[in-house]
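Reader: I would like a close look at a single part of this structure, taken slowly and with the supporting geometry spelled out. Please begin with the strand pairing and then follow whatever connections lead away from that part.

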Amino acid sequence: MQVNVSSTTKNESTCFQRFRQRYTKRQKILIATISSVVIIIVCVAAILTPVLILTSKKSSDSSASTTIFTTDKLPFNGSLIDYRIMPYVGNGHIATVIFSDFIYMNGLYNGENGTSHRARIPSTLNWQFKIKPSTSSYSLDVKSGTFIEKLEDNQVRIERRIFASQEYTELLLNYIVITRLASHGQTIVVPVDANEQMTSVDFDFEIVSRDDNHVFVSGKTRQVENAQYQRDVLPLFMYYTPLPVDGLQLAADESTHTYIFVTSLDTQQMRAKVSFDYATNERQPDKLWSTHASLWNNIWSNGSIEIRGDDELQRQVNSAFYYILSSLPALSTQSEHKQFYGLSPGSLSRGGLLGEDYGGHSFWDTETWMYPSVLLFYPTLAKEILSYRIALRDSAADNARLFGYVGWRFPWESARTGVDVTPECCPEVRLYQMHITGDIAFAARQYVAATGDQNWLTTEMGGDLIYETARFWASRAIYNDSRQQYEILTVLPPDEDAQPFKNNSVFTNAVASFSIELANSVSCITQKVVPQTWIDIARNLYFPFDDVAQIHLEYEGFNPKNASIKQADVVLLGFPLMWPMTEQVRRNDLLTYEKLTRPDGPAMTWSMHAIGFIELKDFVEAEKLFRRSYETYVRQPFNVWTEARSGVGAVNFITGAGGFLQAVLFGYGGIRLTMNELDITPPPRLPNSSNALIFHGIKYYGAIFDLTIENSMYYLNVRALDSNNGRSLIYRHNQQNGTLKRNDILSFPVDTRLIIQPTTSLCP
């Protein structure tokens, strides 16, 4: 079966001539003169470098080796491919681990309450070529969001590209080019190991129609997540190109043959069909891939981190960003906008089995670990993340009422409906781990701080999110007459070893305080007046503290002399919360809780410790912890993140990837975001063996910056300013200040502070 085919014949060949460039005597004199002038200019520039440079500073592109992850052998676990450390392709709507048996879709879950998990859609891409190749290679190209398989025997060369389209997000595509190596005159058939299984424990399927060019399958999940919030099971419509039973053919007179196998999936039939028809009938196969690759290129152009002088670290950064971005909505697409249903620790590509990869549920990981790096480069995607919580507000309000409180209390584990889908194994976290409501409010705070987006506050229910989470915390606090302070009791802190519950978790109290203060800060815009009693709570919460050791105690009664903890908790006060404390307390917290943290704890913990020691200028300790945050958690050959150092744990663990990126951006980048300003103080040390960091496309109040950090100097290039928001941006550095203008480049010594802020605050 030939499906959407393009071919070339054997007489198509190209000859190339090489010419040696020759110079005349006059040209050589001209070149020498120009070279002398250039040398003089460079020397003058080096001597008279101004603090404000009105020229551009260019950076070289990353080499292909830092964006392509290649192996000649796939990872195996015994006799089977080890899908745990295989890469995935995704576009925020659909995703699949390469060659695995399932595809997953944003928001598509099956199972009741604590048994809810991502619904397993049978894969149409999990087939193999049945040849014995003399050479083979398998590559993940993160620059184009494509997995590439290359096989070769004595007759043919096969190149297969698998990708989740950015152009039409309903599409998963198999783009295959077969090239003849044997002589012409005989048809070559490449057999395939087709394993077409249209069954799943999560769906009732019906094959509606089928012919040589398409298969149309209609299905429904088998269980609703919660009958109160989900009236009916969820539909699924799938169109796909059937594999030819006799294999892929190369006709006797063909030199190459191109096949495109299309899978289109959506919860609306028309959307699935329109995208399928477009890919099979209206678009040339090479254009499907080139457009997709171009859109991925636009993603990287929109925001990225460049590491100069350390290719291995650059590879880590590129792969970490790729795995997070592949689970987020497309930045630019022809598809209709769809409600986003959250980032799970195991990405969109996993979560079909209870007890593995967290069932595709969303936790505090989303807002605390993955969100911050997304926000500064892709604020529109950060808003998509927040939109998930807002969309499920009804269940959050009911969840608060269920426990006798008001406002919105978000669940520890969330999926389709917003009810708590924590499995029955873990009632403690479902009942007591409520800091997630504060984590979400803090993410909203950072979004407002980065964008000043008043429209989000007033018309997209951002103001409601902020007010109702604050209202929950105000109802949750009680006054202790003996202490004359407010307390928040019976909670489980981020350290999940502190079960079943504790009183006055310092982290929980801090995010609660920030939540109430945020509601007050934006009240002039939201017109939601914050009662004085709430403000009193925010400013008079009890924080357990050891006056002798000068450390924050994780919770009331915590004894650091005989304790161990699972993961970062108290150290999060220093960052990302930036809770006020002395440098000595910050150091004591870091030193104390580093020793208490279990060595088998999850990946993201060590990135926060690294950021802390960079703040304190202990760069030896910082680099040790920075390397610890990724080196033992990233698995070759495709840089797939795992949750655990020993064994594997959850895989495609983008929580760890998010923590690692924060260490680069906020640790070695020295960036801090507060409600009033963007603060940049790059430390006098670059990570590992790098000689420069470049943050391309930082977004702040509609402006776009490139931040270049070198060993002794750093540069801020103003690429664009937003002329529509009515706010200019000003900067301050020591005694110097001014208004930012497009194409300005500010240049300062490292370890000095640059402050950027809008001319008027949100609520003057």
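Author: In this predicted model, Phe102 stands opposite Pro122, a residue of strand β11, and this pair belongs to an antiparallel pairing in which β8 and β11 (residues 121-122) are held over 2 bridges. Strand β8 (residues 102-105) also pairs in the antiparallel sense with strand β7 (residues 94-97), again over 2 bridges, and within that pairing Ala95 stands opposite Tyr104 of β8. Strand β8 is thus a partner both of β7 and of β11. As a general matter, the side chains in a regular strand alternate between the two faces of the sheet.

The hairpin made by β7 and β8 has 4 residues between its strands, and among the residues of this hairpin Phe99 takes a positive phi near 65°. Most residues other than glycine have a negative phi, and most peptide bonds are trans. Two further residues can be set beside Phe99 in this respect. Gln527, which is not a glycine, has a positive phi of about 60°; it is placed in the loop between α13 and α14 (532-539), and because its relative accessible area is 60%, Gln527 is exposed. Lys617, likewise a residue other than glycine, has a positive phi near 65° and sits in the loop between α16 (605-615) and α17 (619-628), where its relative accessibility of 45% makes Lys617 count as partly exposed.

Phe99 also offers a reference point for a distant part of the chain, since the model gives a separation of 48 Å between the C-alpha atoms of Phe99 and Leu553, which are 454 residues apart along the chain. Leu553 lies in the loop between β28 (551-552) and α15 (583-596), and with a relative accessibility of 12% Leu553 counts as buried. When neighbours within four places in sequence are left aside, the contacts of Leu553 are Val506, Pro544, Phe545, Asp546, Phe558, Pro560, Val570 and Tyr593.

The loop between β28 and α15 also holds Pro576, and the peptide bond that leads from Phe575 into Pro576 is cis, with omega near 15°. A cis peptide bond likewise joins Gln636 and Pro637, with omega about 5°, and Pro637 is found in the loop between β29 (634-635) and β30 (640-641).

From Pro576 the description can pass to the interior spaces. A search of the whole structure finds 4 cavities of 30 Å³ or more, and the largest cavity has a volume of about 230 Å³. This largest cavity is lined by 20 residues, of which Pro372, Phe442, Gln446, Pro576 and Gln662 are the closest to its centre. At least two lining residues are supplied by each of α5 (365-377), α9 (435-451), α12 (506-521), α18 (654-668) and β31 (671-673), and the most, 6 residues, come from α5.

The disulfide deserves its own account. The count for the model comes to 1 disulfide, which joins Cys524 to Cys763 with an S to S distance of 1.7 Å. Cys524 lies in helix α13 (residues 523-526) and Cys763 in the segment after β39 (754-758), so the pair ties together parts that are 239 residues apart in sequence. Because the torsion about the S-S bond of Cys524 and Cys763 is about -95°, the disulfide is left-handed. Cys524 is partly exposed, with a relative accessible area of 36%, and Cys763 is partly exposed as well, at 24% relative accessibility. Two other cysteines may be listed beside them: Cys425 is exposed at 59% relative accessibility, while Cys426 is partly exposed at 26%.

A last residue returns the account to a strand. Ser264 is found in strand β23 (residues 254-266), and because its relative accessibility is 0%, Ser264 counts as buried. A polar atom of the Ser264 side chain lies 2.7 Å from the backbone oxygen of Ala272. Ala272 is also listed among the contacts of Ser264 that remain once neighbours within four places in sequence are left aside, together with Glu170, Leu171, Phe237, Met238, Tyr239, Arg271, Ser275 and Phe276.

Technical notes
Residues are numbered from 1 along each chain as its sequence is written. This is a predicted model: local features need pLDDT of at least 70, side-chain atom pairs count only at pLDDT 80 or more; totals for chains, interfaces and linings use all residues. Side-chain values use heavy atoms; hydrogens and water are left out. Buried means under 20% relative accessible area, exposed over 50%, partly exposed in between (1.4 Å probe, protein chains only). A polar contact is a pair of N or O atoms within 3.5 Å; within protein, one must be able to donate a hydrogen and the other to accept it, and residues adjacent in sequence count only if both atoms are side-chain atoms. Contact means heavy atoms within 4.5 Å. A disulfide is a pair of cysteine sulfur atoms within 2.5 Å. Two strands pair if DSSP finds at least two bridges between them. On a 1 Å grid over the protein atoms alone, a cavity is a set of points where a 1.4 Å probe fits but cannot get out, and a pocket is an open set with protein on both sides within 12 Å along at least five of seven lines; lining residues have an atom within 4 Å of a point. Grid points are joined across faces, edges and corners, and a volume is the space filled by probe spheres set on the points.
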